[in-house]
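Me: Please take a close look at the ligand site of this model, and then at the empty spaces elsewhere in the protein. I would like one connected account that I can follow with the structure open.

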Amino acid sequence: MTATAPRSGSLTPAAPSSPDDTEAEAREDQARLLATLRTSLDGLAQREAARRLEVDGPNALTAHRRSGLAAEVVSQLVHPLAALLWVAAALAAVSGSAPLAGAIVVVILLNAVFAVIQERHAERAVEALSSYLPATARVVRDGSTSVIAARDLVRGDIMRVAEGESVSADARVIEGSLRVNMSMLTGESAPVSRTASPPREVGPPIEAGNLLFSGTTCTQGNAVAVVLATGMRTEIGRIAALSQRVRTEDSPLERQVKRVARIIALVGLGLGLAFVPIGTLAAGLPLQDAVTFAIGLLVANVPEGLLPTITLALAVGVRVLARQGAIVKRLSAVETLGSTSVICTDKTGTLTLNQMQVQRTWTPGGTVDLAGGEAADERSRDMLRAAAACTDLTTLGDGIVSGDPTETALRAAAEAAGVADTPQRLAEFPFDPELRRMTTIDRDPSGVWAHTKGAPEDVLPLCSYVDGGPLSAEERDHVLAMVGTWAATGLRVLAIARRSLDGARSGSPRDHVERDLELLGLVAMIDPPRPEVRDAVERCHHAGIRLVVITGDHALTAQGIARRVGIGADDMPLITGRDLDAMSERQLDALLTEHSELVFARSSPEAKLRIADALRSLGHVIAMTGDGVNDAPALRRADIGVAMGRSGTDVARESSTMILTDDNFASIVSAVQAGRQVYDNVRKFIVYIFAHATPEVVPFLLYALSGGRIPLPLTVMQILAIDLGTETLPALALGREPAEPGLMDKPPRRRTQNVIDGPMLARAWGLLGGTSAVLVTGLFLWTLVDGGWSPGDDVSRGPLHHLWEQATTMTFLGIVACQVGTAVAARTQTASLREVGLTTNPMLLWGIAFELVFSAGVVVVPPLQRLFGTAVPSPWMVLALLPLPLVTWGVDELDRGLRRRRRSLRTTVAND
Ligand SMILES: Nc1ncnc2c1ncn2[C@@H]1O[C@H](COP(=O)(O)OP(=O)(O)OP(=O)(O)O)[C@@H](O)[C@H]1O
């Protein structure tokens, strides 16, 4: 068999090179396969594994080949806004304005390059996220299990796979059985079984019942498997349709902005086209001037830099979030986060630390306060021994015990009591979040036992005996009352039971084993709330965000924790899984409308899905946390599915939109805040970019409507200098504005709210743009009149030409000065400048400095003077520019002040 022959010069057995080879390896005798792979059940030696890694390369898929730089630039050159600018360039060329045509082409090219740079920047920000959460795999090497980076897996490695984990390489099962979701390869979402039995018939490897494939996920069971292929030699590597984990479709925000940008550009085009006949026929302008005018209108109105800047702002948001411990998988998630109105959170590990510690035990012999220093008596030792037997923990090579914190706590308590024996495990019914219990079948010197632990309400009905006699109804009530008392203080309570299985048939189904149990007692453990959660909950309340706790834990335990972190009013109802099952959709809707905060306890993963659906149909934008395999549908259904980076399963992580590296509830709230901030910043720079349109368009209207009696106040080249020179850096800087005070004091925005709305346009075009237009037109006319011009005088040549150049320069500098005021004003949407501080966005100050230096260059450097048609104005004119930023900013500051006052009056009236 060529596939398994050692490669010449290397000790690594060659990986299968075709599906046929893989198929042959699936049917090969197991011992022979291990021998050919030069491995054993003890795994590879570390050194051998390192050597194989060196030869075969890392277990990673070669990144998607990006479309080349040239292709990206071309796509930027042909998008609709660029097309409009091409039209303008063509018109300029046809009308004999070759320098203008050339300048517009330069603009288009610069814009394309700029857009490509920004987009690549954005892509890189998202790609870099994978390094925050490296995929891991469990392997046996040198006889002990360890967790390694998935990219270090090599052929011949012995890999362990369990429920919730993803399979990181192609492998053959050699022990155990699993159910695997292969939808990544087959598109079929129903899980399929995989066991160690080799296929009897020849068929495609993907159907071989003992093969596991990279990129699939285990939904149930656990197994040991030997790695057959890694990296690009895996099935998924072969099918070139590699899934790009990061989806890059346009976000709603980008779609909205694209639409608005197109509408505005079309309006510009319409205006331009309409003014050619109006200018020539009504105002009597020569055709060439009318065309120049049309081009001016068009160029002034095309918001060309808008889209890439938004993409970049979202990417910056992604990076900021990653640093705060929240990894989002798509750019659009950042803006969705900003509109989150309900957070559905689970309890364990998110609201709490997930650091369980056994506090007390109860057995028929009495209560033992372990936390208070009491020693375990005989009966509680017996119970702890059974509890420790019924755990599924892995001791890693370095002696660290890894696994579920509930079980780690039980094992620790058993160890402290000196009873953490490890009996021989014969079989296991793993923990099932719906049944809320787990059973193991173990053999110890006294015989074969079923050990069960789980939620008391679910284990007690399976118990028939206690303390050597039958379990009476009163005793049952007594135990449940005890559970209630402990749970109400926020403790998690588990019931422990066992049954002798001597003489029972092996391989009995779960319900045959889990019956007639003997109740050994109760264990109560504490899982303290995370210290930062209380504050985060308060921030949510200020921000109008509702919190819903959906947990598998006991109602009273959940309520106890919810109270401690400030979730829910005193009359908050407690809904159990059973209550929810009995509710109709209408009742559930009514409940969710009536109570803003709720606790759903003892709920199943299906309950999460139902609650998510109900909240969405009520118009909410929801973030939903989840960590188990069964949570995947709810994570997908929520607007933002939040998975846990530490405790969550790979399946949950794959289905989520956001992953919290620290599992911390407070990070969700920070992410919502970052989402709001990014959205606000996008609005801020849109205001800034749009504001210059009015002072650029009004002078042209003046020129056209006066029939040329008032000369052109601004040349098209000067417009380009503003749009593509002076304005760019301050706009980018506004995208990085720190959070505005009060950002988390307002209710979430509605899902349907448009990013560009009427009031915003009124502010940009009307208030800020209008003020600038009045100021710069005044300055232009003043300069002319002061120099001895009167309406109708010819300024194209003769003594007045220099004066006209000085006057257009004043319009240009006036617009720049007003834009400085606009940039400072646009920093806040409602707050005053004093609240944010003038220097809190240093990038903006640098941007403004650049803007001033650039415009000074345009005015004083001789070649630039010739290109842009500028002339140095007299000193008093320059002095006249100084108040402009102040006036533009001041008008807006006043308006914001008035709006704040009106709002506070309204709230006072409403509160009275
Ligand atoms: N390893 C386990 N073995 C047996 N029973 C368990 C185990 N872990 C949890 N339980 C029981 O099942 C119940 C539900 O657990 P589950 O893990 O679904 O939710 P949770 O961790 O309590 O809460 P959350 O849903 O908020 O994370 C627990 O309250 C406990 O009674």
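Reply: What follows describes the ligand site first and then a pocket and a cavity.

The model is predicted, and every value below is computed from it. The ligand is surrounded by 17 residues, and the closest of these are Lys-347, Arg-492, Thr-551, Asp-553 and Arg-602. Sorted by class, the shell around the ligand holds 9 charged residues, together with 4 polar and 4 nonpolar ones.

Polar side chains reach the ligand at several places. An oxygen atom of the ligand lies 2.8 Å from an N or O atom in the side chain of Asp-553, and Thr-551 places a polar side-chain atom 2.9 Å from an oxygen atom of the ligand. In the case of Lys-453, an N or O atom of the side chain is 3.0 Å from a nitrogen atom of the ligand. Taken alone, the ligand would expose 600 Å², of which the protein buries 90%.

As for where the shell comes from, the elements that give two or more residues to the shell are β16, spanning 447–454, and β19, spanning 492–500. In terms of domains, at least three residues of the shell are drawn from domain 2 (319–352 + 530–671), and at least three from domain 3 (357–526).

Turning to the open spaces, the second largest pocket has a volume of about 1000 Å³. Its lining consists of 32 residues, and those closest to the centre of the pocket are Arg-683, Lys-746, Gln-829, Thr-830 and Arg-903. Helices α25 (665–691), α29 (758–786) and α35 (883–911) each supply at least two residues of this lining, and the largest share, 6 residues, comes from α35. By class, the lining of this pocket has 15 charged, 10 nonpolar and 7 polar residues.

Enclosed space is a separate matter. Rolling a probe the size of a water molecule over the atoms shows where empty space is left. The count comes to 3 cavities of 30 Å³ or more, and the second largest cavity holds about 50 Å³ of space. The residues that line this second largest cavity are Thr-309, Leu-312, Ala-313, Val-316, Leu-732, Gly-735 and Arg-736, which divide into 4 nonpolar, 2 polar and 1 charged. Helix α11, residues 306–323, contributes the largest share of that lining, with 4 residues.

Terms used:
Residues are numbered from 1 along each chain as its sequence is written. This is a predicted model: local features need pLDDT of at least 70, side-chain atom pairs count only at pLDDT 80 or more; totals for chains, interfaces and linings use all residues. Side-chain values use heavy atoms; hydrogens and water are left out. A residue is near a molecule or strand if one of its heavy atoms lies within 4 Å of it. A polar contact is a pair of N or O atoms within 3.5 Å; within protein, one must be able to donate a hydrogen and the other to accept it, and residues adjacent in sequence count only if both atoms are side-chain atoms. Accessible areas come from the Shrake-Rupley method with a 1.4 Å probe; for residues, only the protein chains shown count as cover. Ala, Val, Leu, Ile, Met, Phe, Trp, Tyr, Cys and Pro count as nonpolar, Asp, Glu, Lys and Arg as charged, and the others, Gly among them, as polar. Domain bounds come from an automatic or database domain assignment. On a 1 Å grid over the protein atoms alone, a cavity is a set of points where a 1.4 Å probe fits but cannot get out, and a pocket is an open set with protein on both sides within 12 Å along at least five of seven lines; lining residues have an atom within 4 Å of a point. Grid points are joined across faces, edges and corners, and a volume is the space filled by probe spheres set on the points.
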